[in-house]
Every structure is written in C-alpha cells, then in structure tokens.
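Let's take a walk through this fold together, moving from strands to helices and then to a pair of rings. Keep the viewer open as you read.

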Amino acid sequence: MHRCWLLLAAAHAADELQLDFELNNGNLFPAVGLGIGNMQRDRIPGVVGNAMLQHGIQLVDTAMASNTDNALRDTHGLSVVTKVWYTHLGYERTKLAVEEMLAGLNGCCEVTMLIHWPRCRDDISWMHCEEEEANLPQRVKGAGPPPAPDAWKGSWTALEEFYAAGRLKNIGVSNFELPELNELLSSCKTVPQIYQGNAWQLWFRPEVLQRLSEKNVLFQAYNVVNGIVTRESAAPRAYRVLADVARAKSVDVGTVVLAALKRRGVATIPRASSPQHLAANAPQAVASIALDDDEADTVDAAMKALMSGRDLPPEKPVVATFTSSLDAAVRLFWRNPETGEEVLNGEVSTGDGLRIHTHPGHTFTAYRGDELVRSFTVTAQRGGEEAFEL
C-alpha cells in the first residue's frame, strides 16, 4: 500500500510540473535522470529503487563499457540510456552488442541506445585501441572486422533497424564532433532523438548546439556535477553567485544548476547515490525551481566560469547610505545570511550619514538602545546606490 501511495503521489506531482521533454519523434523523455555508469554493481538495485520510489527518478544512464545492464534487469518501469562501445562499431558488431544489452536488461525497461564514440582515438590517454581489440571475446571478433574510422555508419544503420522494429524506444549518439554530426544528419534515415555530450559543449561548442537545434535533437549533458557543481576552487566568485541563488531559494547548489540547464532545454544525468544528493537532483525538486531571465543569465555566466576555470570579475558592491532624523544615535547591524548573527557596522547620529559597501539582498537592522527601529533589505543592483532613512 505504501509503495502504491508513493507512485500515485509521484504521478500526481508529475501532472503539475513539467518533468519531461518531448523528442523529435513525439516520445516524452525525462529532463533529469541518474548516472550509474561507474557505480558498484551490487549497489545499483538499492540506489535505483530508492531513487525511483523516494525521488521520482524515472531514467538512468549507463553504458556497455560499464557492464551494469544486468544489474537493472529486475527494475521495472524504468527508462534506460545505454551506449555501444567503440570496440563494437560496425554493422554486425553493433547488432551483437545491442542484442546482448537487451538480453541483459531482460525487457525490464524502455531503452534508448546511443553510439558512445564515433571511433577509438589514440590521442585520448585512457583509450587503448589495439589492446582492447586484442582482448575482445572471439564471438565479437567473429561478428565483424576491427572498426574502421567510419564504422559508426554501419552502427547507425543497425540502430535504425532496431528502432524501426520497435525494439529501441529512441536512438542517438554521444561525443560526436561537428564533422561526424554533419555527416550523420545528412545521410541518416532516422534523425537521432538524443545527443549526449559533455556539459562543456554548452558554452564552448555553439556550432554543435546550433546543428542539433536545427534538427530538434535533445542535448543530454553529462559532467554536470564534476564540471560545475564541485569546482568551487576553480572559480570561487562564480560559485558564490550560485550559492547566493541557492540560498535565496532554499535549495542545493546542484538543484539550481540542473534547473538552469532544464530552462535552457538541456536534459541532465547527474551521478548521485547519497540520500542528500538524490533529493537535490530529484526531477520534481529541479522542476519546482523558477528562475527569471536575470537569474538565469546570472547562473549561466557562473556555470560557464566554473566549467572553464576563468572566474567572474570581482563583484561591484552596492553603496548603501543610511541617514537619521532620530534624537539619539542608532546602531546599525548587518545580518549574516549564513548564521543569522548580527554584526555591528557602525552608528548613525542625527544629521550624519553612514555609507556602507554591501550587496543585493543583504539585510540590516537598526537599534536605538535595545529597541529595534527598523530592518532594511538592499534591493539595488550591483554597482548601484540605495538610500535608507531612519
């Protein structure tokens, strides 16, 4: 009964919030999922089950190289994104890979299948092309020749056939640069529904984003947590901007980042396993965060700075002027938003003024003796001025 109640509650909330994107084939696709690619296999059923029931997560992302498909075979009602590894590029090898991954999932889930990389690359340190080819099982070597540089074309034909047969819900590619993407889009029978890429591309590969937009292909970003959320040391001023927005909305910094990307029309698959992070990344939590245009622009600039490691310029303060017409000196305190502690900033006497450098949203309280006279909240924008009269 408890499980049914949770599912009904989640379904009711989903009706009220926009939790999905519509793909170019008309299918709905969760805006926020859960990355499990490097998770220990024995932890996956528990983490995914909790993510579904407690946090409304309906999509997980994994890959053939992670060998986690079998761990999901008893998790019903889930959508899964998985990917064909570059050792299995080529028509016959890809057919074998997809058949084996579908068998591993055992019909538990709706499957979106991507080509993980267009080829193995010797210039990427962790790719070991010759070694991986040599270590393949004989059934893979016997299925087709070692992948040529353009073997991904045969792989795409294989995915198109599985899709046309209704065995795959959606198909797409991952980590394709513009030349391969252009070649695919100019020759494919089925336009990809999903493009999965490093979040870095959102700011530094506009030509890829433009091409995807022309074909209404959904960008699904990975490297959101490691690339943005955990990089405070790389751009501390930018992180402080995100933290201020998160504090104002009483949510986690990660929730703000996911909400800002969702507002841009970007799907995300953050990795998480702890209850705190699963709650922060929950689709309903992300969908409930409303950002106005100014907030969205501010957050976007901060995310770009964190991703690149080039911090935002020093913030221009607000100059706040406090004057008094009262017959006694008034003490002025700044309220620390983190602790609620009040910090003395000075005194204001009749006819005198006190100028303080501060920031939007900061709150001040004025006391005459022990009597609270008034509270002030700074509303001016950075670089502006604001006057307060006691």
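## Strands, helices and rings

Strand β12 (residues 330-335) and strand β13 (residues 342-348) run antiparallel and are joined by 6 bridges. Please keep in mind that this is a predicted model. Within this pairing, Arg 331 has Glu 347 of β13 standing opposite. The two strands, β12 and β13, make a hairpin with 6 residues between them. In the turn you will find Gly 340, whose phi is positive at about 80°.

β12 also pairs with strand β15 (residues 363-368), again in the antiparallel sense, over 5 bridges. Here Trp 334 has Phe 364 in β15 as its bridge partner.

Now for the parallel sheet. In what order do the 8 strands of the open sheet come? The order is β3-β4-β5-β6-β7-β8-β9-β10, with parallel pairing. At the edges sit β3 (34-35) and β10 (267-268), each of which pairs on one side only. Inside that order, strand β5 (residues 78-84) and strand β6 (residues 109-115) run parallel and are joined by 7 bridges. If you would like a landmark there, Val 81 stands opposite Thr 112 in β6. As background, strands of a sheet pair through backbone hydrogen bonds, either parallel or antiparallel.

Next come the helices. Two packed helices are described by the angle between their axes and the distance between the axes. The table gathers three such pairs.

| Helix pair | Axis distance | Crossing angle |
|---|---|---|
| α3 (residues 91-105) and α6 (residues 152-164) | within 7 Å | roughly 45° |
| α11 (residues 236-248) and α12 (residues 253-263) | 8 Å | about 95° |
| α6 and α7 | within 12 Å | roughly 45° |

Let's begin with α3 and α6, whose axes cross at roughly 45°. That angle makes α3 oblique to α6. The crossing of α3 and α6 is right-handed. On the α3 side, the contact is made by Tyr 91, Thr 94, Lys 95, Val 98, Glu 99 and Leu 102. These meet Gly 154, Ser 155, Thr 157, Ala 158, Leu 159, Glu 161 and Phe 162 in α6. By class, the residues of this contact of α3 with α6 divide into 6 nonpolar, 4 polar and 3 charged.

α6 has a contact with α7 as well, and their axes cross at roughly 45°. α6 and α7 are therefore oblique to each other. Their crossing is right-handed. Trp 152, Lys 153 and Trp 156 of α6 make the contact with Glu 180, Glu 183 and Leu 184 of α7. This contact of α6 with α7 has 3 nonpolar, no polar and 3 charged residues.

How are α11 and α12 arranged, with an angle of about 95° between them? That angle makes α11 roughly perpendicular to α12. Tyr 239, Leu 242, Ala 243, Val 245 and Ala 246 in α11 meet Val 253, Val 256 and Val 257 in α12. The contact of α11 with α12 has 8 nonpolar residues, no polar and no charged ones.

Finally, the rings: how many aromatic pairs does the structure hold? There are 11 aromatic pairs. One of them joins Trp 152 and Phe 176, edge-to-face, at 5.4 Å centre to centre and with 80° between the planes. This pair links distant parts of the chain, 24 residues apart. Trp 152 lies in helix α6, while Phe 176 is in the loop between β7 (170-174) and α7 (178-187). Trp 152 is also among the residues of α6 in the contact with α7.

Terms used:
Residues are numbered from 1 along each chain as its sequence is written. This is a predicted model: local features need pLDDT of at least 70, side-chain atom pairs count only at pLDDT 80 or more; totals for chains, interfaces and linings use all residues. Side-chain values use heavy atoms; hydrogens and water are left out. Axes are lines fitted to C-alpha atoms, for helices over the stretch in contact, and angles run from 0 to 180 degrees between N-to-C directions. Helices (H or I, at least four residues) and strands (E, at least two) are DSSP runs, numbered from the N terminus. Angles under 35 degrees count as roughly parallel, over 145 as roughly antiparallel, 65 to 115 as roughly perpendicular and the rest as oblique. A crossing is left-handed if the near helix is turned anticlockwise from the far one by less than a right angle, and right-handed if clockwise. Contact means heavy atoms within 4.5 Å. Ala, Val, Leu, Ile, Met, Phe, Trp, Tyr, Cys and Pro count as nonpolar, Asp, Glu, Lys and Arg as charged, and the others, Gly among them, as polar. Two strands pair if DSSP finds at least two bridges between them. Rings of Phe, Tyr and Trp (its six-membered ring) pair if their centres lie within 6.5 Å; planes under 30 degrees apart count as stacked, over 60 as edge-to-face and the rest as tilted.
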